[in-house]
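Here is a friendly tour of one protein model, with charged pairs, aromatic rings and a pocket as the stops. Please keep the structure open beside the text as you read.

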Amino acid sequence: MNADIQQLHGSELREAIRYWLLQTDVRQLAALWATADQVRREHVGDAIYLRGIIEISNRCIRRCAYCGINASNHRISRYTMTMDEIVECACTIEKAGCGTVVLQSGEDWTLTPLWIADTIREIKKRTSLAVTLSLGERLPEELRQWRETGADRYLLKIETSDKVLYDRIHPPRGKEAPNRFEILNQLRRLGYETGSGIMIGIPGQTIDILTEDIITLAGLDVDMAGSGPFIAHRHTPLAGYDDAIKPDGQAGNDALTTYKVNALLRILCPQMNLPTTTALSTISARNGRALGLQRGANVIMPNFTPLPYRQCYEIYPRQTGGNNSKEDILHVIKKTVHSIGRYVASNRGDFVQYQLRRHNNPKRGEGVHDYAAV
Ligand code: SAH
């Protein structure tokens, strides 16, 4: 089968994605990697965008079965960074050559809308960074307030398009709470550049579900999609998964499956910003990042959380650079980028078509996106 799947729809597209997810032949796969790399070069070029992450709080009210900072884990110390620490860290991120700061946290309702707005305002005053928020499922009026204060982007992964699997790993906050598809629509309407993504190899995610996840994510019309392997954390209900015998049809949570998903996404959404995730570098520390970048990705998200806090933000174990200083991490990243003949971009890396798309489609975000039909 040709690696060019852009023209396919419906059952043909589904079949083609399944074919690649099940593919083990090295020569066939080389064709998939080459197509993804070529599409990446033609549509987003050789620049690599650095988005510096600050994990501003590990407090969380949710009980996500996959996540190490879920509310049921009483073995970690909880923290919230001060506004001064966050702003100082954002300045370091700008000096290091990143165009974007990503403020990430658990779903922490002690982070008040006003405090977040003040933090955004302060970062905007002191730097020229794009500000991305990744604070979980917050309320429409909060999202509006932050957008009006100057936040540029919001990151909220759908994790999987399968409603049954999603509810199992991500117990809902309440009956009235909106689902992530609705929030993504709100974000688009508010004019955020919107990022989403899936986890790869979640227990119970079959190849068929993963196929649907890829198609759903590609059809979401988001500006960025980050997809990394599920990594079991010992203090979660999914602990021990790595040693368990997997049922037939279960999608792998391995590096190869991750490369395939991201290569397929690049081919299906040529202009999308696609990060090579920290989760991938964690399971494939030697060359995961470089291979991710050579198989479709164009974004890296280095972690700038100050060390004592970073150790407490353990959503999954063994995060790359867990004990390294930010200077070490950046040095390694820049070396990797240069070794594969690419360069670190000097601008913010806004989605290529973002302004154009908003201009041509002012109703953007009003489309219907929801869980895949079962
Ligand atoms: N509270 C925010 C930020 C969560 S952490 C939110 O829910 O959006 C960001 C991402 O890390 C999650 O969306 C999920 O895709 C990923 N993640 C969490 N636990 C993981 C695990 N055990 N393995 C791999 N990825 C994980």
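A residue counts as buried when its relative accessible area is under 20%, as exposed when over 50%, and as partly exposed in between. Keep in mind that this is a predicted model. With that cut-off in hand, Asp152 is buried because its relative accessible area is 13%.

**Salt bridges**

Asp152 is a good place to start, as it forms a salt bridge with Arg348, where the closest N and O atoms are 3.5 Å apart. Asp152 sits in the loop between helix 5 and strand 4 (153-155), while Arg348 sits in the loop between strand 11 (343-344) and helix 14 (354-360), so the pair ties together parts that are 196 residues apart in sequence. The partner Arg348 has a relative accessibility of 27% and therefore counts as partly exposed.

The count for the model comes to 20 salt bridges. Three of them are set out here, with the distance between the closest N and O atoms.

| Salt bridge | Closest N and O atoms |
|---|---|
| Arg62 and Glu107 | 2.9 Å |
| Glu137 and Arg62 | 3.0 Å |
| Asp152 and Arg348 | 3.5 Å |

Arg62 appears in two of these rows, so let us look at its surroundings. Arg62 pairs with Glu107 at 2.9 Å. Arg62 belongs to the loop between strand 1 (47-57) and helix 3 (83-95), and Glu107 to the loop between strand 2 (100-105) and helix 4 (113-126), so this pair ties together parts that are 45 residues apart in sequence. Both partners, Arg62 and Glu107, are buried.

Arg62 also forms a salt bridge with Glu137. That pair links distant parts of the chain, 75 residues apart, with Glu137 in the loop between strand 3 (130-134) and helix 5 (140-149). Is Glu137 buried or exposed? Glu137 counts as buried because its relative accessibility is 3%. Arg62 has a relative accessible area of 4% and is therefore buried.

Through shared partners, salt bridges join Arg62, Glu107, Glu137, Glu159, Arg173 and Arg180 into one network.

**Aromatic rings**

The structure holds five aromatic pairs. One of them is Tyr154 with Tyr192, an edge-to-face pair with 5.9 Å from centre to centre and 80° between the planes. Tyr154 lies in strand 4 and Tyr192 in the loop between helix 7 and strand 5 (193-196), so the pair ties together parts that are 38 residues apart in sequence. Tyr154 and Tyr192 are both buried.

Phe230 and Tyr241 also pair edge-to-face, because their ring centres are 5.8 Å apart and their planes meet at 65°. Phe230 and Tyr241 are both in the loop between strand 8 (228-229) and helix 9 (255-268), 11 residues apart. Phe230 is buried, with a relative accessible area of 1%, and Tyr241 counts as buried at 11% relative accessibility.

Which residue lies over the face of Tyr241? Lys246 does, at 4.6 Å from the ring centre. Similarly placed, Arg295 lies over the face of Tyr259, 4.8 Å from the ring centre.

**The second largest pocket**

The last stop is the second largest pocket, which holds about 210 Å³ of space. Its lining is made of 16 residues, and Lys163, Pro172, Ala177, Pro178 and Asn179 lie nearest the centre. Helix 6 (163-169) and helix 7 (180-189) are the elements that give two or more residues to this lining. Helix 6 provides the largest share, three residues. By character, the lining of the second largest pocket divides into eight charged, five nonpolar and three polar residues.

Methods: Residues are numbered from 1 along each chain as its sequence is written. This is a predicted model: local features need pLDDT of at least 70, side-chain atom pairs count only at pLDDT 80 or more; totals for chains, interfaces and linings use all residues. Side-chain values use heavy atoms; hydrogens and water are left out. On a 1 Å grid over the protein atoms alone, a cavity is a set of points where a 1.4 Å probe fits but cannot get out, and a pocket is an open set with protein on both sides within 12 Å along at least five of seven lines; lining residues have an atom within 4 Å of a point. Grid points are joined across faces, edges and corners, and a volume is the space filled by probe spheres set on the points. Helices (H or I, at least four residues) and strands (E, at least two) are DSSP runs, numbered from the N terminus. Ala, Val, Leu, Ile, Met, Phe, Trp, Tyr, Cys and Pro count as nonpolar, Asp, Glu, Lys and Arg as charged, and the others, Gly among them, as polar. A salt bridge is a side-chain nitrogen of Lys or Arg within 4 Å of a carboxyl oxygen of Asp or Glu. Buried means under 20% relative accessible area, exposed over 50%, partly exposed in between (1.4 Å probe, protein chains only). Rings of Phe, Tyr and Trp (its six-membered ring) pair if their centres lie within 6.5 Å; planes under 30 degrees apart count as stacked, over 60 as edge-to-face and the rest as tilted. A charge sits over a ring if NZ of Lys or CZ of Arg is within 6 Å of the ring centre and within 35 degrees of the ring normal.
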